[in-house]
Amino acid sequence: MSMIDVERLRGDFPILGEVKVHGRDLIYLDNAASSQMPRVVIERIARYQCEEHANIHRGVHHLSDVATTAYESARSTVRRFINAREDREVIFTSGTTDAINLVAHGWGRAFVGAGDEIILSEVEHHANIVPWQMLCEEKGARIRVIPVDERGELDLDAYAGLFNERTRLVGITHVSNALGTVNPVREMIATAHARGVPVLVDGAQAVAHEPVDVQALDCDFYTFSGHKLYGPTGIGILYGRAALLEKMRPFKGGGDMILSVSFEKTTYNTIPHKFEAGTPPIMPAVGLGAAVEYLSALGLPAVAAWEQSLLAHATERLTAIEGVRIIGTARHKAAVISFNIADVHPHDVGSLLNDEGIAVRTGHHCAQPVMKRYGVPATVRASFAFYNTRAEVDALVVAVQKIRRLFE
Ligand code: PMP
């Protein structure tokens, strides 16, 4: 396994070298919200805009053909990245939220009825709660919740006990954005499949940080966003098992998702086009393809090893500061640390860290049920990428010590 040469790789990210905050070098520790784009992605987007842009699929002219090839080859790149069986199992969406909504509408409205149940975990992002709640309200179905323990690990016995003949779907996050917990999704999928229940995995926080193989996981749906994967905003992926996608209803109607339209009857296109109505986000898809190629060339095992070393270092040093409480201490974590400093408000911590040039996120992280579970309204969250250094972790620790002293 090749190691990460972090100093050299930082040179690939223009923003890391260019931005000063309050006269200091930017220390970017908000990667779980959005990661930065390497130059190859920015240049690929620029080249697409300068040399290849046209609308896709419907054109016979040269540029339309070039743009269609760029868009469809990004789909193949993503397919290889997650090891889906076929390109048609990869649907471009505008992000994770859009992808989950697509399943809630396209699959949920067809297959969930009154009295049915959907199992979600207590650590879900609102994106994997609210669409199901809306569906349940419409259909008279209900949500069952897998509880999380003090460390931030899901209670797997309780999970197994939630199934019954009304269970229609399990929706679980691969990695919790608020706690960093890596859930044992493979095992949880096997539990659901043994009872004939399909599983949607929200992979927004996972795909950029560890290798994901949808066939090995055996998941039915897998969702993620480009902007957390060193790509642009406005693009995301829904992976779906072809047999399920074929049974699903389209979510949005319009151009490109049809084979024929008359006022009497419309025949829908085949997958994946059935779910990509209208002009899709072509340029962001091309950018995502370039980001995936960049990350694949680095190698996710090397990325994961470096990020794990940052996590271990940060956890050890932050834990040693009196008054710092880390929320989420699961045995298997991604490089996300949620914490609070005594009773200092997280927003104050965030803005004091900003004074030092350190970007972290503060708030409920769109995971209010998790915050409630730990009895806190919000946390400070530092989230690492492979381009972060040990020196940056140390700078965070020194700044936290300083804030702690200010409020003593
Ligand atoms: N799920 C998880 C676990 C997330 O971290 C996020 C982004 N914070 C989302 C879903 C939603 O992603 P997006 O805003 O890109 O749709």
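In these legends, helices and strands are DSSP runs, numbered from the N terminus. The structure shown is a predicted model.

**View 1. The largest pocket, about 330 Å³ of space.** Welcome to the first close-up. The lining of this largest pocket is made up of 24 residues, and His125, Asn177, Gln205, Lys228 and Cys366 are the closest to its centre. Helix α5 (residues 96-111) gives the largest share of that lining, with three residues. By class, 11 of the lining residues are polar, seven are nonpolar and six are charged.

**View 2. Two domains at the largest pocket.** Here the focus is on where the lining comes from. Domain 1 (6-30 + 299-406) and domain 2 (42-297) each provide at least three residues to the lining of the largest pocket.

**View 3. The second largest pocket, with a volume of about 160 Å³.** This pocket is lined by 13 residues, and the closest to its centre are Phe92, Asp98, Lys252, Phe275 and Glu276. At least two lining residues come from each of β4 (90-93) and α5. Seven residues of the lining are nonpolar, three are polar and three are charged.

**View 4. The largest cavity, about 40 Å³ of space.** Now for an enclosed space. The count comes to one cavity of 30 Å³ or more. Around the largest cavity sit Asn31, Ala32, Gln205, His209, Ala334, Ala335, Val336, Ser383 and Phe384. Its lining has five nonpolar and four polar residues, and no charged ones. Gln205 may look familiar: this residue lines the largest cavity, and Gln205 is also among the residues closest to the centre of the largest pocket.

Technical notes:
Residues are numbered from 1 along each chain as its sequence is written. This is a predicted model: local features need pLDDT of at least 70, side-chain atom pairs count only at pLDDT 80 or more; totals for chains, interfaces and linings use all residues. Side-chain values use heavy atoms; hydrogens and water are left out. On a 1 Å grid over the protein atoms alone, a cavity is a set of points where a 1.4 Å probe fits but cannot get out, and a pocket is an open set with protein on both sides within 12 Å along at least five of seven lines; lining residues have an atom within 4 Å of a point. Grid points are joined across faces, edges and corners, and a volume is the space filled by probe spheres set on the points. Ala, Val, Leu, Ile, Met, Phe, Trp, Tyr, Cys and Pro count as nonpolar, Asp, Glu, Lys and Arg as charged, and the others, Gly among them, as polar. Helices (H or I, at least four residues) and strands (E, at least two) are DSSP runs, numbered from the N terminus. Domain bounds come from an automatic or database domain assignment.
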